[in-house]
Amino acid sequence: MKKLLLILLPFIVFSASAQISFNTGNVQFDTDLNTINANASVDFGAFKGKLLVSYDVSEKKIEFMKGSVNMAPGEIYLALEISKLSKMPIDRVITIYERNKSKGWGYIAKEAGIKPGSPEFHQLKNNASSKKNKAKHKGNGKGKSKGKGKGNGKK
């Protein structure tokens, strides 16, 4: 029993540390963001690579957000998504975050022009849900098929 506890303890600590309070005003949205955060924490390099492509942001900016601003991976994602949907420069979103992080991401989004219940807010939630689901269903692309199906190109 003690061995099992010692084996599970790091996982319990890690999962507890991966959970943060996003305070978006929507429980499912917060849950989706925590899933994104936990998945990104496992392989931040891969996560960062996806952000570089998806948001046309520099690696230096992401490292600044993580190191100097002390944002969790899920917060970096959310800041970039708010920037994209609000058409506000990421530096402005970071400034709003630094001044208002204790008020939560719902307030930060509102300050960036994304009102609760607005189409942009729904898009923010849907994008987080989609990103969470993509990470959950990610495979290695190595199936067992030999590529000899019925579609052999002959007619």
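1. The quantity pLDDT is the predictor's confidence in each residue, on a scale from 0 to 100. The structure under review is a predicted model, and the protein averages a pLDDT of 82. A score of at least 70 is reached by 75% of the residues.

2. Confidence varies between the elements of the protein. The lowest value belongs to helix α1 (residues 2–18), with a mean of 50, whereas helix α6 (residues 90–100) has the highest, at 98. Any reading of α1 should take this mean of 50 into account.

3. Two stretches call for particular caution. Over residues 11–17, pLDDT stays under 50, and the model has three contacts beyond four places in sequence for this stretch. Over residues 137–155, pLDDT likewise stays under 50, here with one contact beyond four places in sequence. Where pLDDT is low, the predicted coordinates should not be read in detail.

4. As to overall architecture, the protein contains eight helices and zero strands. The order along the sequence is accordingly written α-α-α-α-α-α-α-α. Among contacts with a separation of 6 or more, 59% are between residues 24 or more positions apart.

5. On burial and surface, 36% of the 155 residues of the protein count as buried. The accessible surface comes to about 10200 Å², and carbon and sulfur atoms account for 55% of that area.

6. Helix α4 (residues 59–67) merits a separate comment. Its residues Lys61, Ile62 and Met65 are buried. Viewed down the axis of α4, the buried residues fall within an arc of 100°, so they line one face of the helix. The face turned away from this buried side carries the exposed residues Lys60 and Gly67. As for packing partners, the buried residues of α4 pack against α3 (44–55), α5 (73–86) and α6.

7. Within α6, one of the packing partners of α4, a polar residue may be examined individually. Asn100 lies in this helix. Is Asn100 buried or exposed? Residues under 20% relative accessible area are classed as buried; because its relative accessibility is 12%, Asn100 counts as buried.

8. The surroundings of Asn100 can be described at the atomic level. A polar atom of the Asn100 side chain lies 2.9 Å from the backbone oxygen of Ile96. Leaving aside residues up to four places away in sequence, Asn100 touches Tyr107 and Ile108.

Technical notes. Residues numbered from 1 in each chain as written. Predicted model: local features only at pLDDT ≥ 70, side-chain atom pairs only at ≥ 80, totals over all residues. Heavy atoms only, no water. Helix = DSSP H or I, 4+ residues; strand = E, 2+ residues; numbered from the N terminus. Contact = heavy atoms within 4.5 Å. Buried < 20%, exposed > 50% of the residue type's maximum accessible area, 1.4 Å probe, protein only. Polar contact = N/O pair within 3.5 Å; in protein donor to acceptor, adjacent residues only side chain to side chain. Arc of directions from axis to C-beta. Areas by Shrake-Rupley, 256 points an atom, 1.4 Å probe, with all protein chains shown as cover.
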